[in-house]
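Student: I'd like to practise reading a fold from its coordinates. Can we walk through one together?

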Amino acid sequence: MRGFGNTPEGAHLVTIIPLHGEHLFGTVVNGVVQVSEIRAIAHRDWLDIPKHFSRAVCAWVMMPDHVLGILFLTIDPSVTRPANAGERLASLPQSALRGPQLHDIGAIVGSFKLAVTRRINALNPTPGITVW
């Protein structure tokens, strides 16, 4: 699996929880989930993962206080880096690439979280808050 990081092919379940279990993605009112603007941001960025990570196929369920995702990773021997590695979800700096490899679950989830955080902070009158 050289060039694909350390995460093997197959289905990987991930749970992503906001800091302090906040209900960022919506609230429940009379048994009905009222979705938030932040949910729309996270939804769009989750669906964009396969555009930025060629091995990933995604499924998810978003609850008011967390995201449950399934990342299906495939092996494509012709691909060793995403076609647009320099323009990934959040344009990770090169220093961030010293951690997880480009196709590892950690890199995928980290890029998703960074992209969502940047978009939330752009909407927020107090940018720079910690989201995760």
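**Reading the sheet**

Tutor: Let's start with the sheet: three strands make an open sheet, ordered 1-5-4, with antiparallel pairing. Strand 1 and strand 4 are at the edges with a single partner strand each, so one side of each has no neighbour in the sheet. From one strand to the next, the twist averages 15°. Before we go on, this is a predicted model, where local features need pLDDT of at least 70 and side-chain atom pairs count only at pLDDT 80 or more, while totals for chains, interfaces and linings use all residues. Residues are numbered from 1 along each chain as its sequence is written, and side-chain values use heavy atoms, with hydrogens and water left out.

Student: What does pairing rest on, and how many bridges join strand 4 to strand 5?

Tutor: In general, strands of a sheet pair through backbone hydrogen bonds, in either a parallel or an antiparallel way. Two strands count as paired if DSSP finds at least two bridges between them. Here, strand 4 and strand 5 run antiparallel and are joined by eight bridges. For one of the residues, M62, the bridge partner in strand 5 is V67.

Student: Which strands does helix 1 touch as it packs on the sheet?

Tutor: Contact means heavy atoms within 4.5 Å. Helix 1 packs on the sheet by touching strand 1, strand 4 and strand 5, and its direction makes about 165° with that of strand 4. Helix 2 packs on the sheet too, touching strand 1, strand 4 and strand 5, with its direction at about 40° to that of strand 1. For those angles, axes are lines fitted to C-alpha atoms, for helices over the stretch in contact, and the angles run from 0 to 180 degrees between N-to-C directions.

Student: How many helices and strands are there in the chain?

Tutor: Helices (H or I, at least four residues) and strands (E, at least two) are DSSP runs, numbered from the N terminus. This chain has two helices and five strands, and along the sequence they follow the pattern β-β-β-α-β-β-α.

Student: What span does helix 2 reach from its first C-alpha to its last?

Tutor: The expected span is 1.5 Å times one less than the number of residues. Helix 2 (residues 105–123) has 19 residues and reaches 27 Å, close to the 27 Å expected.

Student: Which residues of helix 2 are buried?

Tutor: Buried means under 20% relative accessible area, exposed over 50%, and partly exposed in between (1.4 Å probe, protein chains only). The buried residues of helix 2 include I105, I108, F112 and I120. The buried residues of this helix pack against strand 1 (10–16), helix 1 (37–52), strand 4 (56–63) and strand 5 (66–73). Across the chain's 132 residues, 39% count as buried.

Student: Is H20 buried or exposed?

Tutor: H20 counts as exposed because its relative accessibility is 71%. This residue lies in the loop between strand 1 and strand 2 (26–29), and has a positive phi of about 60° although it is not a glycine. N30 also has a positive phi, near 55°, and is a residue other than glycine. N30 sits in the loop between strand 2 and strand 3 (32–35).

Student: Leaving aside neighbours within four places in sequence, which residues is L19 in contact with?

Tutor: L19 is in contact with T130, V131 and W132. L19 and T130 are 111 residues apart in sequence, yet 7.3 Å apart in space, C-alpha to C-alpha.
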